[in-house]
Amino acid sequence: MKKKKVIMVTMTIILLIVICYFAFQFVNQNQDIEDAIEQEFRSLRIYMEEIYAIEFLDDDRAMVFYSWAHPDFSNFGVMELEKTWRGWQFVEAISNRMERKNAWLKGVYAEITDHAILRGPTWASVDKIVIITDDGREYTPELGKAERQIWYLILEDEPFEEATFILYDSDGEVLREEVLQFDLNS
Amino acid sequence: MNLSLKYRVLMIVVFAIFIGVFLYYYGTKARQEQAVAEELREYSYIAREYALDAIYKSTEFPVEVELYPSAHTEAILERWKAISDRYPELDYPEAAIEARDWIEVHKSFEDTDLLNGVIRKMYKDATVTSEGLGVSYITLLDYIFYQKYEASNIEDVVIDLGIEPSREEE
């Protein structure tokens with residue numbers, strides 16, 4: 001009689017654990033990353049923000065490119081999120097101040113966790129950017145569009161201190177060429 | 001159930017300890033969360049006002065945020081120093097700025113009466129009228145932090161006082 005009771009209780013506990021596990025899995029699978037991002041902004045006490053792009057590095061790592069602060073959204077942020085058993089969680093964030101005023105293009109170099117990232121604002125009329133470094137490497141950064149526009153490049157090889165940026169419009173015409181310098185120590 | 005008194009007392013004590021630990025844990029956690037929220041709010045405010053670059057390493061307890069001046073921060077500090085040089089009652093906390101203790105730095109702007117006094121003096125010295133423009137310490141803060149000239153004629157004042165170069169020279 002007593003043995004039966006013990007087995008019953010143990011079974012119930014195991015069943016509950018299994019149900020909890022699947023419930024967590026279910027909630028996690030269906031968690032909208034945008035809700036998680038929204039929540040992180042709230043906890044960072046960042047209001048008035050604009051999201052340009054969400055880049056998935058793999059299934060459970062994501063980088064969010066955004067800018068924030070009233071009135072001109074001049075603080076450019078990148079936030080790394082990781083998917084854990086508790087859902088999407090904050091890993092690290094970096095915010096750089098860059099003013100768009102009268103500039104075709106701005107950019108900074110930043111390191112976040114183990115990634116090197118170049119990014120900055122550019123005009124909305126820019127449709128494509130080609131970066132050429134002094135040692136002849138060529139990159140095509142991604143463009144992130146919201147009400148305004150940014151460019152960003154997740155570097156997989158050696159960072160560079162200076163490069164020429166060629167800006168194209170949607171007809172493939174060169175709009176402008178700019179040389180940007182990057183401080184690799186910041 | 002036929003339990004001895006000793007056993008019952010033991011159960012009650014264990015139960016009470018459980019509840020005690022539980023309440024203590026949640027109480028501490030709630031206070032901690034509030035402190036974390038307050039701290040992050042302050043960092044976000046200071047980063048925005050002083051145009052700082054920020055690295056957020058941890059947004060949970062203990063909060064870990066590093067702030068670094070940007071080129072725009074230097075411009076803010078220059079405007080601030082130029083006014084403070086002429087009106088020393090407006091404190092320019094060199095040591096705190098050097099130490100990058102921005103929260104301490106910002107305490108210089110706590111006394112709005114003092115700021116109102118400075119802006120009034122500026123208008124008086126520049127012999128520019130502020131009549132009907134609703135000039136207040138906010139005009140001064142707008143100028144220092146955002147170089148904002150609108151809604152007042154502060155631009156005439158700072159040019160007249162030699163704090164900014166005149167428009168033709170630009």
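**Notes on the two-chain model**

1. Starting with a loop in chain A: Thr113(A) is found between β5 (108–112) and β6 (115–122) of that chain. Its phi is near 40°, which is a positive value in a residue other than glycine. If you go through the backbone torsions, that's one to look up. Keep in mind that this is a predicted model.

2. On confidence, the model scores ipTM 0.84 and pTM 0.85. Chain B averages a pLDDT of 90, and 97% of the residues there score at least 70. Within chain B, helix α7 (residues 154–160) has the lowest confidence, with a mean of 89, while strand β1 (residues 52–58) has the highest, at 95.

3. That strand, β1(B), pairs within its own chain. It runs antiparallel to strand β2 (residues 64–69) of chain B, and 6 bridges join the two. Ala54(B) faces Leu67(B) of β2(B) across the pairing. The link from β1(B) to β2(B) is a hairpin through 5 residues.

4. The hairpin loop has a backbone detail of its own. Pro62(B) lies in the loop between β1 and β2 of chain B, and the peptide bond leading into it from Phe61(B) is cis, with omega near -10°. Worth checking that your setup tools keep the cis bond between Phe61(B) and Pro62(B).

5. What does β1(B) pair with in chain A? The partner is β4(A): 3 bridges join these strands, and they run antiparallel. In this cross-chain pairing Ile94(A) stands opposite Ile55(B) in β1(B). In general, strands of a sheet pair through backbone hydrogen bonds, either parallel or antiparallel.

6. Now the interface as a whole. Chain A and chain B bury about 1500 Å² between them, with 54% of that on carbon and sulfur atoms. On the chain A side, Leu44(A), Arg45(A) and Arg97(A) lose the most area to chain B, and together they account for 36% of what that side buries. The contact takes 20 residues from chain A and 18 residues from chain B.

7. How many salt bridges cross between chain A and chain B? The rule finds 0 across this interface. It does find 5 residue pairs in polar contact there, both residues being at pLDDT 80 or more. As for where the chain A side comes from, α2 (33–44) and β4 (87–97) each supply at least two of its residues, and the largest share, 9 residues, comes from β4(A). By type, that side divides into 8 nonpolar, 6 polar and 6 charged residues.

8. Over all chains, a search of the whole structure finds 17 salt bridges. One pair to inspect is Glu38(A) and Arg42(A), whose side chains meet in a salt bridge at 2.6 Å, N to O. Both residues lie in helix α2 of chain A, 4 residues apart, about one turn of the helix.

9. Last, a sheet in chain A. Here 4 strands form an open sheet in the order β8-β7-β11-β12, with antiparallel pairing. β8 (138–139) and β12 (174–181) stand at the edges with a single partner strand each, so one side of each is left without a neighbour in the sheet. The partner strands β11 (residues 162–168) and β12(A) run antiparallel and are joined by 7 bridges. Within that pairing, Ala163(A) stands opposite Leu180(A) of β12(A).

Notes: Residues are numbered from 1 along each chain as its sequence is written. Chains are lettered from A and ligands numbered from 1 in the order in which they are written. Side-chain values use heavy atoms; hydrogens and water are left out. Two strands pair if DSSP finds at least two bridges between them. pLDDT is the predictor's confidence in each residue, from 0 to 100. Contact means heavy atoms within 4.5 Å. Buried area is the accessible area (1.4 Å probe) that two parts lose on being put together, summed over both. A salt bridge is a side-chain nitrogen of Lys or Arg within 4 Å of a carboxyl oxygen of Asp or Glu. A polar contact is a pair of N or O atoms within 3.5 Å; within protein, one must be able to donate a hydrogen and the other to accept it, and residues adjacent in sequence count only if both atoms are side-chain atoms. Ala, Val, Leu, Ile, Met, Phe, Trp, Tyr, Cys and Pro count as nonpolar, Asp, Glu, Lys and Arg as charged, and the others, Gly among them, as polar.
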